[in-house]
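Work through the exercises below with the sequence and the model side by side, and try each task before reading its solution.

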Amino acid sequence: MKTTRRNFLHLTSLGLALPFIPAIPAIHAGESNLEWRFGVIPDTQWKTNMNAPFYGTAIHIIDAINTEMIRQGVDFVLEVGDLVEEAFAEAFQTRAQHNKILHDNGIKFYPLRGNHDSYNSNSSVRCGTIIAQYRAAFPNLPGTLGSSGSSPNLPNAAGMTYSFTHKNGKFLLLDTFPLIDDGSDDGKAYKISDYQSWIDTELSKNDHEFVLVFAHKNLLGQNHKDNVFSDSKNQDSFPETQNAFIASLQKHGVKNFICGHDHMYHRSRIKSPDGKSEVQQIICGSAAHKFYLPEPPFLARETSLVKELNRIGFLIVHVNNQGIRIDYHSTEPFGQEKFSPKWEIRDSFTNLFHDSPT
Ligand SMILES: [Fe+2]
């Protein structure tokens, strides 16, 4: 189905670009200055050029977003997966090399794998080889030997599923793609239920004022009906796992689950299958060669808040000791391999750490 700008939907009273950005309450006089920012990049795979210099990763879009990240003074950048179109060494190396401008400005990059980072449709390469190629491009991530942070105590999970803290924030990144070569063609992935005890432990620690949880796949996708719990099209599969996961997020005050995979911006509230708990999901846009359109079925336990289709975007999260503000920036679709973005803030919302800040 051909997509046009008329597919743009905005389910709040906001205009096309926000005329007003909600402020996080100012820090009180005499308190330490904790104002800081970080960025989140959605999927960056690029399909029209699998050879040099692209190697299946959207280097022109990545470079443009990194320039804006630096201009806005972020402390670090996190990507929610599908860094590349096909998993092979040159692709991962190229994606990593285009973080040089970040590193030169003292900005760390925290990647997470997506489905495209886990398979190579052109060869029967084993998952262990793919993981080794990925680790070579993105070494020393939190949870690996000698690094800070934490990973679940599961074979090959170190630095793939991990948590880290930065200032008053904590970040959990969940890899749900093959990590174990069990003899099958694709290898074995851990399920959210395999991670749940580690998630509970990390969320229970008294080492943060706020926490965000990231995965590549969605709790509920608008286009994709496979989700973070299962590759099947049944969005209610593994209901006990879903109930436990969303209940854990709610219990520990996790207000936002941020993901990619669906190549659109969509902010919604999602209830667990048992209806007992709820979290806000942010599908954080597309920085890739393609966009998807919403396709039914849509479940009654999801309430859409803001949706935008067919634009290139990313998130900047602003933090102080009162709360966080998440701004979604996007720009017009681009010409092939030429990209001159004019960024606009198209959604913005604030979460205070306490309902009545003192
Ligand atoms: Fe994906």
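The exercises that follow concern a predicted model, and each task is followed by a stepwise solution.

**Exercise 1. Overall dimensions**

Task: Describe the make-up of the protein in helices and strands, and judge its radius of gyration against that of a compact globule.

Solution. Begin with the secondary structure, which comprises 6 helices and 13 strands. Next consider the extent of the chain: the C-alpha atoms fill a box of roughly 55 × 45 × 45 Å along the principal axes. For 358 residues a compact globule would have a radius of gyration near 21 Å, and the protein has 19 Å, which agrees. Finally, turn to burial and contacts: buried residues make up 45% of the 358 residues, and of the contacts with a separation of 6 or more, 71% are accounted for by residues 24 or more positions apart.

**Exercise 2. The open sheet**

Task: Establish the strand order of the open sheet of 7 strands, and explain why one side of β4 and of β10 is left without a neighbour in the sheet.

Solution. Reading across the sheet gives the order β4-β5-β6-β7-β9-β8-β10, and the pairing is mixed. Strands β4 and β10 (302–308) stand at the edges with a single partner strand each, so each has one side without a neighbour in the sheet. From one strand to the next, the twist averages 20°.

Two helices can then be placed against this sheet. Helix α5 packs on it and touches β4, β5 and β6, with a direction that makes about 170° with that of β5. Helix α6 (residues 239–251) also packs on the sheet, where it touches β6, β7 (256–259) and β9 (278–285), and its direction makes about 100° with that of β9.

**Exercise 3. Strand β5 and its two partners**

Task: Determine in which sense, parallel or antiparallel, β5 pairs with β4 and with β6, and trace the path of the chain from β5 to β6.

Solution. On one side, strand β4 (residues 162–166) runs antiparallel to β5 and is joined to it by 5 bridges, with S163 standing opposite L172. The two strands form a hairpin with 2 residues between them, and K167 in the turn has a positive phi of about 55°.

With strand β6 (residues 210–215), β5 pairs in the parallel sense over 6 bridges; F171 has L212 as its bridge partner in β6. The chain passes from β5 through helix α5 (residues 192–204) to β6, making a right-handed β-α-β crossover. Another opposed pair is formed by L173 and F214 of β6.

The last step is burial: 5 of the 6 residues of β5 (residues 169–174) are buried, so the strand is largely enclosed by the rest of the structure.

**Exercise 4. The nonpolar core**

Task: Identify the residues with the most contacts inside the largest nonpolar core, and list what V40 is in contact with beyond its neighbours within four places in sequence.

Solution. The largest nonpolar core has 81 residues, and those with the most contacts inside it are V40, F214, I258, C284 and A287. In soluble globular proteins, nonpolar side chains tend to be buried together. With its neighbours within four places left aside, V40 is in contact with L78, V80, I258, C284, F314, L315 and V317.

**Exercise 5. H216 and the backbone exceptions**

Task: Decide whether H216 counts as buried or exposed, and locate two cis peptide bonds and two non-glycine residues with positive phi in the loop between β7 and β8.

Solution. H216 is placed in the loop between β6 and α6. A residue is buried if 20 or more other C-beta atoms lie within 10 Å of its own, and H216, with 27 such neighbours, therefore counts as buried. Residues up to four places away not being counted, H216 touches several residues, among them V80, D82, R113, C259 and H261.

For the backbone, recall that most residues other than glycine have a negative phi, and most peptide bonds are trans. A cis bond joins A52 and P53, with omega about 0°, and P53 is in the loop between β1 and α1 (59–71). The bond from P296 to P297 is also cis, with omega near 10°, and P297 lies in the loop between β9 and β10.

In the loop between β7 and β8 (264–271) is H261, whose phi is near 75° and which is buried, with 27 other C-beta atoms within 10 Å. H263 is found in the loop between β7 and β8; its phi is positive at about 50°, and with 25 C-beta neighbours inside 10 Å, H263 counts as buried.

Conventions:
Residues numbered from 1 in each chain as written. Predicted model: local features only at pLDDT ≥ 70, side-chain atom pairs only at ≥ 80, totals over all residues. Core = buried A, V, L, I, M, F, W, Y, C linked by C-beta atoms within 7 Å. Buried ≥ 20, exposed ≤ 12 C-beta atoms within 10 Å, placed from the backbone. Contact = placed C-beta atoms within 7 Å. Helix = DSSP H or I, 4+ residues; strand = E, 2+ residues; numbered from the N terminus. Pairing = 2+ DSSP bridges. Right-handed = clockwise from strand over helix to strand, strands pointing away. Axes fitted to C-alpha atoms, helices over the stretch in contact; angles between N-to-C directions. Rg over C-alpha atoms; globule rule 2.2 N^0.38 Å.
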